[in-house]
Amino acid sequence: MPELSRRRALTAAAAVAGAPLVAVPTARAADHHHDSPGSPAPFDEVYRGRRIQGRSATGSGHHHGGGYAVYVDGVELHVMRNADGSWISVVSHYDPVPTPRAAARAAVDELQGARLVPFPAG
């Protein structure tokens, strides 16, 4: 058996580092239906003087959250579900939270009393 040289060790390490260690199946947005058991529960509450709502959604709107819509004072808050199951919104994009309700509350906190401007449909 040949002796392990530095070149062979580095080549082997590079090959291992470049290869995927575990194949992880990914979920597609089309695989998530609004009536699936894992979909978030609807909510309707007043948080810090603002009415926040969340519910299953179909049709038009900004529903990157698996068919779920969130509203602040009747204006749709653009939310998106991340691959890890966390949620973000257009208002608090860099602060993932565990639920759409938490995303709505984070948006209200971030808005600090300002009105939510509708997100333009693209």
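Visitor: In the hairpin of S1 and S2, which residue takes a positive phi?

Guide: This is a predicted model, in which local features need pLDDT of at least 70, side-chain atom pairs count only at pLDDT 80 or more, and totals for chains, interfaces and linings use all residues. Residues are numbered from 1 along each chain as its sequence is written, and side-chain values use heavy atoms, with hydrogens and water left out. Strands (E, at least two residues) and helices (H or I, at least four) are DSSP runs numbered from the N terminus. Two residues lie between the strands of this hairpin, and the one with a positive phi, near 50°, is arginine 48.

Visitor: How many bridges join strand S1 to strand S2?

Guide: Strands count as paired if DSSP finds at least two bridges between them. S1 (residues 43-47) and S2 (residues 50-56) run antiparallel. Tyrosine 47 has arginine 50 as its bridge partner in S2, and aspartate 44 stands opposite glutamine 53. The number of bridges joining the two strands is five.

Visitor: Which residues of S1 point to one face and are buried?

Guide: In a regular strand, side chains alternate between the two faces of the sheet. A residue is buried under 20% relative accessible area, exposed over 50% and partly exposed in between (1.4 Å probe, protein chains only). Along S1, Asp44 and Val46 point to one face and are not buried. Those that point to the other face and are buried are Phe43, Glu45 and Tyr47.

Visitor: Why does tyrosine 47 count as buried?

Guide: Tyrosine 47 is found in strand S1. Outside the four places on either side in sequence, tyrosine 47 touches Ile52, Arg105, Val108 and Asp109, where contact means heavy atoms within 4.5 Å. Tyrosine 47 is buried because its relative accessible area is 17%.

Visitor: What separates the C-alpha atoms of tyrosine 47 and arginine 105?

Guide: Tyrosine 47 and arginine 105 are 58 residues apart along the chain. Arginine 105 is nevertheless among the residues that tyrosine 47 touches. The separation of their C-alpha atoms is 6.9 Å.

Visitor: Which strands stand at the edges of the open sheet?

Guide: Four strands form this sheet in the order S1-S2-S4-S5, with antiparallel pairing. Each edge strand has a single partner, so one side of it is left without a neighbour in the sheet; the edge strands are S1 and S5.

Visitor: In S4, which residue is the bridge partner of arginine 55?

Guide: S2 and S4 pair in the antiparallel sense over five bridges. Glycine 54 stands opposite valine 70 in S4. The bridge partner of arginine 55 in S4 is alanine 69.

Visitor: At what angle to S1 does H2 run?

Guide: Axes are lines fitted to C-alpha atoms, for helices over the stretch in contact, and angles run from 0 to 180 degrees between N-to-C directions. H2 lies across S1, S2, S4 and S5. The angle at which H2 runs to S1 is about 25°.

Visitor: What should the 12 residues of helix H2 span?

Guide: The expected span of a helix is 1.5 Å times one less than its number of residues. The end C-alpha atoms of H2 (residues 100-111) are 16 Å apart, which agrees with the expected span of 16 Å.

Visitor: Which strands are included in what covers the buried residues of H2?

Guide: The buried residues of H2 are Pro100, Ala103, Ala104, Ala106, Ala107, Val108 and Leu111. Their cover includes S1, S2, S4, S5 (75-77), S6 (79-81) and S7.

Visitor: Which residues form the one aromatic pair?

Guide: Rings of Phe, Tyr and Trp (its six-membered ring) pair if their centres lie within 6.5 Å; planes under 30 degrees apart count as stacked, over 60 as edge-to-face and the rest as tilted. By this rule there is one aromatic pair, with centres 6.1 Å apart and planes at 65°, so it is edge-to-face. One residue lies in strand S4 (residues 68-72) and its partner in strand S7 (residues 87-89), 19 residues apart. Both are buried, and they are tyrosine 68 and tryptophan 87.
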